[in-house]
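I set out to record how one helix is placed against a sheet, and how the strands of that sheet are arranged. My entries follow the structure below.

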Amino acid sequence: MSYTIAIAGKGGTGKTTIAALIVRLLKEQKRGSILAVDADPNNNLAENLGAHIKETVGSILDGVCRNPDKIPPGMSKDTFIEYQVQTSITENEGFDILAMGRPEGPGCYCYVNNILRNITAKLMKDYDYVVIDNEAGFEHLSRRTTRDCDTLLVVSDATAVGLRAAERINGLVKELKIGAKKSLLLINGSNKAQKEMIKRTSLDHIGNIPNDPLITRAGLNAGSLMGIRETAASLKALRKLGENIWN
Ligand SMILES: Nc1ncnc2c1ncn2[C@@H]1O[C@H](COP(=O)(O)OP(=O)(O)OP(=O)(O)O)[C@@H](O)[C@H]1O
Ligand SMILES: [Mg+2]
């Protein structure tokens, strides 16, 4: 059985950065096979991991909807898509990556949620760890493409707005009965978060990741977070919190 970590939060709080650092630490600790899932149509996770994406689930779906005659005779549409998605998974050193993208064809849209839910859930079972970087906001929750994870990691900045968004996400998770075994709050980019506000959230605050100039530098150079120094302040902080996140 795989251990699934889904990352959520307001826009720009550092979800993708944290997802990439988690993949890096899981790899560093040789904890087993890792699938990084880029569930944000903007596909930033690959860049942060220094990985290349062949094709997204969205473009595969578009292709199949546009050219249904390409489905081999005797093969169902679902099996064909499943096969294509499987082959779109890119293997990298120490982890695989699957990019969701977003299909454009209107005729396909109703089909997408099913694919995201069922086929990817099936693929994920083959890995020891699955790290899902979601797009900002709530849509992935209401579309129920995030469900049944071991850890829901809500990333927030230290602001009241960020924390309110984090709280809303957790509220929605409960309301929609999304099965998150634990819902954790991680403050990113600051060591000075408003303690009183944090206490009032229903999330379990596990700690803070400081603003790290090495992340800024990697971002400016479009560099991968797999290459930053082991002693980087962000990595050190996350390493300490890891047992809570992936156990
Ligand atoms: N701890 C940190 N120290 C310094 N810079 C950081 C830190 N965390 C994130 N950043 C920077 O903040 C910016 C936003 O981070 P990131 O892309 O991870 O956020 P996001 O929540 O995934 O955004 P989006 O909602 O657009 O997907 C990036 O430029 C990133 O390099
Ligand atoms: Mg992101």
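**Helix H10 and the sheet**

I found that helix H10 (residues 233-245) lies across strands E1 (3-9), E6 (149-156), E7 (180-188) and E8, running at about 160° to E8. Helices (H or I, at least four residues) and strands (E, at least two) are DSSP runs, numbered from the N terminus. Angles run from 0 to 180 degrees between N-to-C directions of axes, which are lines fitted to C-alpha atoms, for helices over the stretch in contact; contact means heavy atoms within 4.5 Å.

I noted that this is a predicted model, in which local features need pLDDT of at least 70, side-chain atom pairs count only at pLDDT 80 or more, and totals for chains, interfaces and linings use all residues. Residues are numbered from 1 along each chain as its sequence is written, chains are lettered from A and ligands numbered from 1 in the order in which they are written, and side-chain values use heavy atoms, leaving out hydrogens and water.

I looked up the buried residues of H10 (under 20% relative accessible area, 1.4 Å probe, protein chains only). Among them are Leu-235, Leu-238, Leu-241 and Ile-245. Their cover includes E1, E6, E7, E8, helix H1 (15-28) and helix H9 (213-220).

I then turned to the sheet. It is open, with 8 strands in the order E3-E4-E2-E5-E1-E6-E7-E8 and mixed pairing; to pair, two strands need at least two DSSP bridges between them. Strands E3 (90-92) and E8 (204-209) are the edges, each pairing on one side only.

Finally, I examined E2 (residues 34-38) and E5 (residues 129-133), which run parallel and are joined by 5 bridges. Asp-38 stands opposite Asp-133 in E5.

How values were computed. Buried means under 20% relative accessible area, exposed over 50%, partly exposed in between (1.4 Å probe, protein chains only).
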